Amino acid sequence: MSAGARRDDQDDRGDWQPVCQVAALEVKRGATALVHGQAIAIFRMPDDVVYALGNHDPFARASVIAKGIVGVRDGVPFVASPVHRHGFDLRTGQCLDDPHVTIPAYEVRVVDGLIHVGHRKVA
């Protein structure tokens, strides 16, 4: 597995929340889930790598990230907000258009085809 979703047999950080089967997500389309009380946008890439970001767009001040357009820019998997089109790195949450802005990125693992979302990644 790559940097997005990883496969763990042990829960080394605790609090992994099962979300859905990988097969239930459309490729390059976002879905939302409530994880640890936070609205999370979850994305499945063509290679079945799964990423999770906070669903709140800080520029639009709206929960719309899951509705964004998914792609790859200069080798970086990203989602472009549907409102102002700012791109966010799916791996880190870093805004590709404004380096001073980030949105939360979350740990993801896939176990037996089931997506689990963990804690917010530490930069």
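## Exercises on an all-strand model

In strand 5, the residue bridged to I40 is G54. This pairing comes from a predicted model. The exercises below start with the whole chain and then return to that region.

**Exercise 1. State how many helices and strands the protein has, and how much of it is buried.**

Solution.
- Step 1: Count the elements. The protein has 0 helices and 12 strands.
- Step 2: Read the order from the N terminus. The run is β-β-β-β-β-β-β-β-β-β-β-β.
- Step 3: Turn to burial. Of the 123 residues, 45% are buried.
- Step 4: Add the surface. The accessible surface is about 6,600 Å², and carbon and sulfur atoms hold 48% of that.
- Step 5: Check the contacts. Among contacts with a separation of 6 or more, 44% join residues 24 or more positions apart.

**Exercise 2. Trace the pairing of strand 4 with strand 3 and strand 5.**

Solution.
- Step 1: Start with strand 3, residues 30–35, and strand 4, residues 38–44. They pair in the antiparallel sense over 6 bridges.
- Step 2: Pick out one bridge. T32 has A41 of strand 4 as its partner.
- Step 3: Look at the connection. Strand 3 and strand 4 make a hairpin with 2 residues between them.
- Step 4: Move on to strand 5, residues 50–54. Strand 4 and strand 5 run antiparallel and share 5 bridges. The bridge between I40 and G54 involves strand 5.
- Step 5: Look at this second connection. The hairpin of strand 4 and strand 5 has 5 residues between the strands, and D48 takes a positive phi near 70°.
- Step 6: Judge the cover. Strand 4 is largely enclosed by the rest of the structure, because 5 of its 7 residues are buried.

**Exercise 3. Decide whether N55 is buried or exposed, and list its contacts.**

Solution.
- Step 1: Place the residue. N55 sits in the loop between strand 5 and strand 6, residues 56–57.
- Step 2: Apply the cut-off. Buried means under 20% relative accessible area. N55 has 5% relative accessibility, so N55 counts as buried.
- Step 3: List the contacts, leaving aside neighbours within four places in sequence. N55 touches T32, A39, I40, A41, A62, S63, V64, I65 and A66.
- Step 4: Link back to Exercise 2. T32 and A41, both on that list, are bridge partners.

**Exercise 4. Explain why strand 9 is described as largely enclosed.**

Solution.
- Step 1: Count the buried residues. In strand 9, residues 76–80, 5 of the 5 are buried, so the strand is largely enclosed by the rest of the structure.
- Step 2: Sort the directions. V76, F78 and A80 point one way, while P77 and V79 point the other way.
- Step 3: Find the partner before it. Strand 8, residues 69–73, runs antiparallel to strand 9 and is joined to it by 5 bridges. V70 pairs with V79.
- Step 4: Find the partner after it. Strand 10, residues 87–89, is antiparallel to strand 9, with 3 bridges. A80 pairs with G87.
- Step 5: Compare the turns. The hairpin of strand 8 and strand 9 has 2 residues between the strands. The hairpin of strand 9 and strand 10 has 6.
- Step 6: Look inside the second loop. S81 lies there. Its relative accessibility is 0%, so S81 is buried. Leaving aside neighbours within four places in sequence, S81 contacts D57, V64, I65, H86 and F88.

**Exercise 5. Find where L90 lies and what it touches.**

Solution.
- Step 1: Locate L90. The residue is in the loop between strand 10 and strand 11, residues 105–111.
- Step 2: Check burial. L90 has a relative accessible area of 1%, so L90 is buried.
- Step 3: Relate L90 to strand 9. L90 and F78 are 12 residues apart in sequence, yet their C-alpha atoms are 4.9 Å apart.
- Step 4: List the contacts beyond four places in sequence. They are F43, M45, Y51, L53, V70, P77, F78 and V79.

**Exercise 6. Identify turn residues with a positive phi, and say why they deserve notice.**

Solution.
- Step 1: Recall the general pattern. Most residues other than glycine have a negative phi, so a positive value stands out.
- Step 2: Take H36. Its phi is about 50°, and H36 is not a glycine. H36 is partly exposed, at 39% relative accessible area.
- Step 3: Take D74. In the turn between strand 8 and strand 9, D74 has a positive phi of about 50°.
- Step 4: Take R85. Its phi is near 65°, and R85 lies in the loop between strand 9 and strand 10.

**Exercise 7. Describe the largest pocket.**

Solution.
- Step 1: Give the volume. The largest pocket holds about 180 Å³ of space.
- Step 2: Name the lining. R91, T92, Q94, T102, I103, P104, A105, R120, K121, V122 and A123 line the pocket.
- Step 3: Sort the lining by kind. There are 5 nonpolar, 3 polar and 3 charged residues.

Key
Residues are numbered from 1 along each chain as its sequence is written. This is a predicted model: local features need pLDDT of at least 70, side-chain atom pairs count only at pLDDT 80 or more; totals for chains, interfaces and linings use all residues. Side-chain values use heavy atoms; hydrogens and water are left out. Helices (H or I, at least four residues) and strands (E, at least two) are DSSP runs, numbered from the N terminus. Buried means under 20% relative accessible area, exposed over 50%, partly exposed in between (1.4 Å probe, protein chains only). Contact means heavy atoms within 4.5 Å. Accessible areas come from the Shrake-Rupley method with a 1.4 Å probe; for residues, only the protein chains shown count as cover. Two strands pair if DSSP finds at least two bridges between them. On a 1 Å grid over the protein atoms alone, a cavity is a set of points where a 1.4 Å probe fits but cannot get out, and a pocket is an open set with protein on both sides within 12 Å along at least five of seven lines; lining residues have an atom within 4 Å of a point. Grid points are joined across faces, edges and corners, and a volume is the space filled by probe spheres set on the points. Ala, Val, Leu, Ile, Met, Phe, Trp, Tyr, Cys and Pro count as nonpolar, Asp, Glu, Lys and Arg as charged, and the others, Gly among them, as polar.
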